[in-house]
Amino acid sequence: MTYSFDLSQSISHIGLEGWNRLAGTSNPFLRYEFLEALESSGAVSSQTGWQPLHLRLFEDNNCIAILPLYLKSHSYGEYVFDWAWADAYQRHGLDYYPKLLTSIPFSPVSGPRIATNKPVSEIVPILTQIIKQISTEKKTSSWHGLFLPQNQQILFDNEGFQSRLGTQFHWFNRDYTSFEHFLQSFSSRKRKNVKRERRKVTDQGVIIRCFEGPEITETLLKTFYRCYHLTYLKRGRQGYLNQDFFMRLIHSMPEQLVLFAAEYNAEYVATALCLKDDETLYGRYWGCLEEFDSLHFETCFYTGIEYCIRHGLKRFDPGAQGEHKIQRGFEPIKTWSSHYISNPSFSNAIAHFLDEETPLMNSHIAELAKGLPFKQEK
């Protein structure tokens, strides 16, 4: 077989049909519409430090795989933190940026990163050689594949790339028939705490409404964006994503969007926009106009759990970080990233760092699990 590749500085050069033929539309983050909205809205561009370099792999002139790829000039919007690595490069008079990145921009969600109609085990060895070639040609310090499925991380590991372990907190549906059924798995004290939080929201006169697909109108989307944007401004920051990005999503992939809106005195005061596939609800974007006791927990966690139970979804990924999720039934899970460091000396140093970090992270995850609210098995 003869293999070749090319790089595209815009996903539009590949096109919807060419991309989704391999990526499909099941996973909302890998599909063309999501990634194209990031680029067309300007959230992802060379100006924002995310220059697309999407890689297509050809076998005898037939495209058999696509790898989302970006040339990064910083490490913002990634959620796998390598600032210490960049600082070490700088202290030694070397440039850490630009670097190559395979991820879903601004989306710390695990999932497929290689779109292919071939066995991934056949594709990864070819891609690793191409990544090394691109790194040399572009004079980058490294390549990073973030939030990989573990089976893909293992394949990169087998090719000599370095693995990094992280953690998030996910909820799993163990055939619950209702939220109350789910709470029956809690210890009595933890169950009372959740009920108390939910009651606080009701007692304040707040009602949570759910909108899906075409029900999320442009007017409702503008209300959501006002909440989302204001929440960033309160912290003295700008959100990574603009209103145009979200508008594109409600028109191009509405069937994978769910919006929870908190209503108070006939006005929406808080919103949480989620994405979904056939098995998982992904909680992504939250914002509020007014502060209410426990409203964040209700809108972003409990209402999402109820939605999963009602629709038979198996998992709820509510986003990165947040150890407070544990006492509310979200379990610590392992996340994986893969890394190629072109400089041999720094590659060895980072390998040593990861050798020390990994067992500590494993211990941390085990310790976190002790805080889960579930009844102890007798």
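**Why these labels? Questions on a predicted model**

Colleague: What makes the meeting of the Lys99 and Glu78 side chains a polar contact?

Modeller: Their side chains come to 2.9 Å. A polar contact is a pair of N or O atoms within 3.5 Å; within protein, one must be able to donate a hydrogen and the other to accept it, and residues adjacent in sequence count only if both atoms are side-chain atoms. The 2.9 Å between Lys99 and Glu78 falls within that limit, so the name applies.

Colleague: What kind of model is this, and how do you number and count?

Modeller: This is a predicted model, where local features need pLDDT of at least 70, side-chain atom pairs count only at pLDDT 80 or more, and totals for chains, interfaces and linings use all residues. Residues are numbered from 1 along each chain as its sequence is written, and side-chain values use heavy atoms, with hydrogens and water left out.

Colleague: Which other side chain makes a polar contact with the side chain of Lys99?

Modeller: Asp82 does, at 2.7 Å. That value passes the same 3.5 Å test, so this pair is a polar contact too.

Colleague: Why is Lys99 called buried?

Modeller: Its relative accessible area is 0%. Buried means under 20% relative accessible area, exposed over 50%, and partly exposed in between (1.4 Å probe, protein chains only). Lys99 is under the 20% mark, so it is buried.

Colleague: Where in the fold is Lys99 found, and what is it in contact with?

Modeller: Lys99 belongs to strand E6, residues 99-102. Strands (E, at least two residues) and helices (H or I, at least four) are DSSP runs, numbered from the N terminus. Contact means heavy atoms within 4.5 Å. Leaving out neighbours within four places in sequence, the contacts of Lys99 include Tyr70, Leu71, His74, Thr140 and His144. Its polar partners Glu78 and Asp82 are on that list too.

Colleague: How do you know that Glu59 is buried?

Modeller: The relative accessibility of Glu59 is 14%. That is under 20%, so Glu59 counts as buried. Look for it in strand E3, residues 54-59.

Colleague: What joins the side chains of Glu59 and Tyr3?

Modeller: A polar contact of 3.3 Å does. The limit is 3.5 Å, so the pair qualifies. Tyr3 also appears among the contacts of Glu59, together with Met1, Thr2, Ile64 and Lys118, once neighbours within four places in sequence are set aside.

Colleague: Why is Trp83 called partly exposed?

Modeller: Its relative accessible area is 36%. That value sits between 20% and 50%, so neither of the other two labels fits. Trp83 is in helix H3, residues 83-91. Not counting residues up to four places away in sequence, Trp83 touches Ser75, Tyr76 and Tyr97. Trp83 and Tyr96 are 13 residues apart along the chain, and 9.8 Å separates their C-alpha atoms.

Colleague: What makes Gln238 count as exposed?

Modeller: Gln238 has 54% relative accessibility. The exposed label starts over 50%, so Gln238 earns it. Gln238 lies in the loop between H8 and H9. Beyond four places in sequence, Gln238 touches His229, Tyr232 and Leu233. Gly205 is 33 residues from Gln238 in sequence, with 31 Å between their C-alpha atoms.

Colleague: Which residues of helix H9 are buried, and what covers them?

Modeller: Helix H9 spans residues 243-252. Phe245, Phe246, Met247, Leu249 and Ile250 are buried there. Their cover includes helix H2 (32-40), H8, strand E11 (257-264), E12 and E13.

Colleague: How do you know that the sulfur of Cys274 is too far for a bond?

Modeller: The closest cysteine sulfur, in Cys300, is 7.5 Å away. A disulfide is a covalent bond between the sulfur atoms of two cysteines. The rule here asks for a pair of cysteine sulfur atoms within 2.5 Å. Cys274 misses that limit, so no bond is assigned to it.

Colleague: Why is the sulfur of Cys308 too far for a bond?

Modeller: The closest cysteine sulfur to that of Cys308 is in Cys274, at 8.5 Å. That is not within 2.5 Å, so this pair fails as well. By this rule the model has 0 disulfides.

Colleague: Why do Cys274 and Cys308 count as buried?

Modeller: Cys274 is at 3% relative accessibility. Cys308 is at 0%. Each value is under 20%, so both cysteines are buried.
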